Amino acid sequence: MLSNDRAPGDLDVDDLFSIRGKCALVTGGGSGIGWMIANGYARAGARVYIASRKRAELDARIAELGEAGDCRAIEADLSSEAGCNALGDELERREPKLHILVNNAGANWGAPFAEYPESAWDRVLDVNVKAVFALTRRLTPMLERAACDDDPARVVNVGSVDGINVPALQTWAYGASKAAVHHLTRMLARELAARRITVNAVAPGPFQSRMMRSTLERLGDRVAELVPLGRIGRPDDMAGVAIFLASRAGAFVDAALIPVDGGITGTR
Ligand SMILES: NC(=O)c1ccc[n+]([C@@H]2O[C@H](COP(=O)([O-])OP(=O)(O)OC[C@H]3O[C@@H](n4cnc5c(N)ncnc54)[C@H](OP(=O)(O)O)[C@@H]3O)[C@@H](O)[C@H]2O)c1
């Protein structure tokens with residue numbers, strides 16, 4: 001198909017950015033950036049599943065959302081392929097198809113070069129990279145069932161500015177894992193485009209979260225000063241780009257890496 005038959009005068013902007021009625025899964029959706037995205041999706045009218053290890057945290061988020069949206073929890077440990085498949089199995093028991101998968105769950109570990117432990121490499125790469133591949137593969141049939149030419153199913157991977165720039169801290173496995181996520185995004189995009197599934201990555205700069213708590217407490221305003229726009233990211237910043245990528249407005253964006261970083265990576 002060379003073009004679609006919509007004339008510019010037919011443009012319905014609300015519909016273009018709508019994700020109402022779509023089904024989404026956000027891994028690590030009970031905290032930080034995952035919840036910024038899940039909360040945004042639920043308030044925009046999607047049915048959202050959040051999955052991670054801590055059931056109590058997931059339930060607390062859902063209680064917080066209350067009647068403002070439809071959000072459900074699935075307990076999952078994504079550090080192994082078996083854990084990813086178990087999450088896929090549980091989701092498939094509950095839903096016939098999946099429109100949006102957000103691979104957000106992540107782990108970090110910092111230690112000096114001379115002391116960096118092997119266990120940190122395993123822990124970080126298992127969740128940050130292996131799970132992105134394993135869960136996307138497990139859920140591909142469900143994504144395919146939701147996909148069509150006009151409105152593909154979407155995979156959104158959460159990378160990091162630390163996968164683009166050399167990280168300021170001694171987070172050896174983390175920086176390498178996030179560069180891997182960016183590259184894996186493009187590889188998956190090539191594999192899945194023919195099935196009408198797009199795969200994109202966002203690369204956040206600093207956002208308030210559990211992972212960032214101690215850094216932000218220790219370095220405070222200095223973190224914001226390193227951002228050209230002079231502040232850290234807000235929940236709306238992350239929800240906005242995630243909704244765009246999941247809506248029909250983002251239907252022709254594929255294999256892209258979108259920094260959401262106030263200009264950090266683009267200006268150096
Ligand atoms: N905050 C930032 O400034 C920033 C910047 C760039 C990129 N990121 C990326 O954003 C994503 C979210 O991180 P965050 O900053 O929001 O930190 P966070 O609040 O610590 O979130 C990490 C999430 O991942 C989940 N998770 C970790 N290990 C898991 C496992 N084995 N199985 C299932 N879920 C697991 C955690 O839930 P449980 O512990 O309950 O399992 C938690 O919900 C990560 O990929 C991170 O690399 C964050």
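I will talk about one helix, one pair of strands and the surroundings of the ligand in this structure, which is a predicted model.

Let me begin with helix 4, which runs over residues 81–94. Its 14 residues, taken at 1.5 Å a residue, should span 20 Å, and the end C-alpha atoms are in fact 20 Å apart in the model, so the expected and computed values agree. Within this helix, Cys84, Leu87, Gly88 and Leu91 are buried. Seen down the helix axis, these buried residues fall within an arc of 100°, and therefore they line one face of helix 4. What do they pack against? The partners are strand 1 (23–27), strand 2 (47–52), strand 3 (70–75) and helix 5 (118–146). On the face turned away from that buried side, helix 4 carries Ala82, Asp89 and Arg93, which are exposed.

Turning to strand 6, residues 197–204, we find that eight of its eight residues are buried. Ile197, Val199, Ala201 and Ala203 point one way from the strand, while Thr198, Asn200, Val202 and Pro204 point the other way, and both sets are buried. Strand 6 pairs with strand 5, residues 153–158, in the parallel sense, over six bridges, and Val158 has Val202 as its bridge partner in strand 6.

Finally, the ligand has 29 residues around it, of which Gly28, Gly32, Arg53, Gly106 and Ser209 come nearest. By class, this shell is made up of 12 nonpolar, 12 polar and five charged residues. Helix 2 (32–43) and helix 7 (210–219) each contribute at least two residues to the shell.

Terms used: Residues numbered from 1 in each chain as written. Predicted model: local features only at pLDDT ≥ 70, side-chain atom pairs only at ≥ 80, totals over all residues. Helix = DSSP H or I, 4+ residues; strand = E, 2+ residues; numbered from the N terminus. Expected span 1.5 Å × (residues − 1). Buried ≥ 20, exposed ≤ 12 C-beta atoms within 10 Å, placed from the backbone. Arc of directions from axis to C-beta. Contact = placed C-beta atoms within 7 Å. Near = placed C-beta within 6 Å. Nonpolar A, V, L, I, M, F, W, Y, C, P; charged D, E, K, R; others polar. Pairing = 2+ DSSP bridges.
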